[in-house]
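Here is a quick tour of a protein fold, written for someone who likes to check backbone angles and ring geometry. Have the viewer open while you read.

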Amino acid sequence: MDAPLKILHYKRLQSTNTTAYQLAQQGAPEWTTVVADVQTKGRGRGRNKWKSLNGGLWFSIILRPKVSGPRLPLLQFLAAVVTRTALEDATGLEVKLKWPNDLVLGNFKLGGILIESKTQGARVSFAILGIGLNINQGKAQLPAVATSVGLVTGKQYDLRAILNVILDQLSSSYHDLDRPSKIIENWWRNCIHRPLRVQVNLPKETVTGISRAIDEEGSLLIETDDHRIRKVNEGSLTLLDD
Ligand code: BT5
């Protein structure tokens, strides 16, 4: 870790990503981490909302990775593999990954990752790595598509202890950003649609086929029914049963 780690803990914020972004613009050091018990305007990708009531772990880390803009998605994949392992270690559950940014438990969404960044040309000035994990919430505090660790195990967890493990493991594997294939291989090994039939809804079309691989920029490669490979870099993925 290049700079001393500072954790800023708030009871309530609109979004830890927004606060972290403002701090980064004011020059806050790398690894400054913003955590909130509750987010009143938690965000997902695009216009998606992120339900962030008490009991979940909602945090954002300020990073200044030395990667070019197109390689920034690697940070999301690195965060996913690190968080997955940390959660498995803390809970004994089998946590899996789904493209592009989901952590899943069984068929339900356990957590998500949202990276927002400021770039100058191809250079990344800073990136805000936002991670949301459902830990201690009950069913009533979660959207229907979601689950929490506590809901599955019946136990309650120490959020700060889980955060510390994730930060620790992330800082010690941060240099893996120079080894994209290592990150991608680990991610792919733990992905639930490897290689299964999927549908990806893109802003203007739908692509259906076999999910074959992730490339080093985080795009999903889908083999369509006419045996061509389609590369998609955004969208929502659904597993098809047929
Ligand atoms: C994500 O978006 O999965 C990224 C979520 C990132 C949240 C963190 S919390 C800390 C930081 N601060 C923020 O404001 N955000 C980050 P996406 O792939 O777009 O998924 C969003 C969708 O997940 C929503 O449209 C819902 O369907 C579903 N969803 C909402 N809240 C959820 C929750 N608590 N658990 C599981 N799924 C949820």
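How many helices and strands does the protein have? Keep in mind that this is a predicted model. The protein has five helices and 12 strands. The radius of gyration is 17 Å, close to the 18 Å that the globule rule gives for 242 residues, so the protein is as compact as a globular protein of that length. If you want box dimensions, the C-alpha trace spans about 50 × 45 × 30 Å along its principal axes.

A few whole-protein numbers fill in the picture. Buried residues make up 50% of the 242 residues. Take the contacts between residues at least 6 apart in sequence: 63% of them join residues at least 24 apart. The accessible surface comes to about 11800 Å², and carbon and sulfur atoms account for 49% of that. On the charge side, there are 31 positive and 23 negative side chains, with the centres of the two sets 7 Å apart.

**Backbone oddities**

Now for the torsions. Which peptide bonds are cis? One runs from Trp99 to Pro100, with omega near 0°, and another joins Arg194 and Pro195, with omega about -20°. Pro100 sits in the loop between β4 (96-98) and β5 (102-105), while Pro195 belongs to the loop between α5 (180-189) and β8 (197-201).

Positive phi turns up at two residues that are not glycines, namely Trp31 and His227. Here they are with their values:

| Residue | Phi | Loop | Relative accessibility |
|---|---|---|---|
| Trp31 | about 80° | between α1 (16-25) and β2 (33-39) | 1% |
| His227 | about 65° | between β10 (220-224) and β11 (229-232) | 63% |

Buried or exposed, where does Trp31 fall? At 1% relative accessibility it is under the 20% cut-off, so Trp31 counts as buried. For His227 the relative accessible area is 63%, so this residue is exposed.

**Aromatic pairs**

How many aromatic pairs does the count come to? It comes to four. One of them is Trp50 with Trp58, an edge-to-face pair at 6.4 Å centre to centre and 85° between the planes. Trp50 and Trp58 are both buried.

Phe77 and Trp187 form another pair. Why is it called edge-to-face? The ring centres are 5.1 Å apart and the planes stand at 70°, so the pair earns that label; the cut-off for it is an angle over 60 degrees. This pair links distant parts of the chain, with Phe77 in helix α2 (residues 73-91) and Trp187 in helix α5, 110 residues apart. Phe77 is buried, and Trp187 is too.

**Around Leu8**

One last stop is strand β1 (residues 7-13), where you'll find Leu8. What is Leu8 in contact with, once its neighbours within four places in sequence are left aside? The partners are Leu23, Thr32, Thr33, Val34 and Val35. For a distance to check in the viewer, try the C-alpha atoms of Leu8 and Phe59: they are separated by 9.6 Å, with the two residues 51 apart along the chain.

Technical notes: Residues numbered from 1 in each chain as written. Heavy atoms only, no water. Helix = DSSP H or I, 4+ residues; strand = E, 2+ residues; numbered from the N terminus. Rg over C-alpha atoms; globule rule 2.2 N^0.38 Å. Buried < 20%, exposed > 50% of the residue type's maximum accessible area, 1.4 Å probe, protein only. Contact = heavy atoms within 4.5 Å. Areas by Shrake-Rupley, 256 points an atom, 1.4 Å probe, with all protein chains shown as cover. Lys, Arg positive; Asp, Glu negative; His and termini not counted. Charge placed at Lys NZ, Arg CZ, Asp CG, Glu CD. Phe/Tyr/Trp six-rings, centres within 6.5 Å; stacked < 30°, edge-to-face > 60°.
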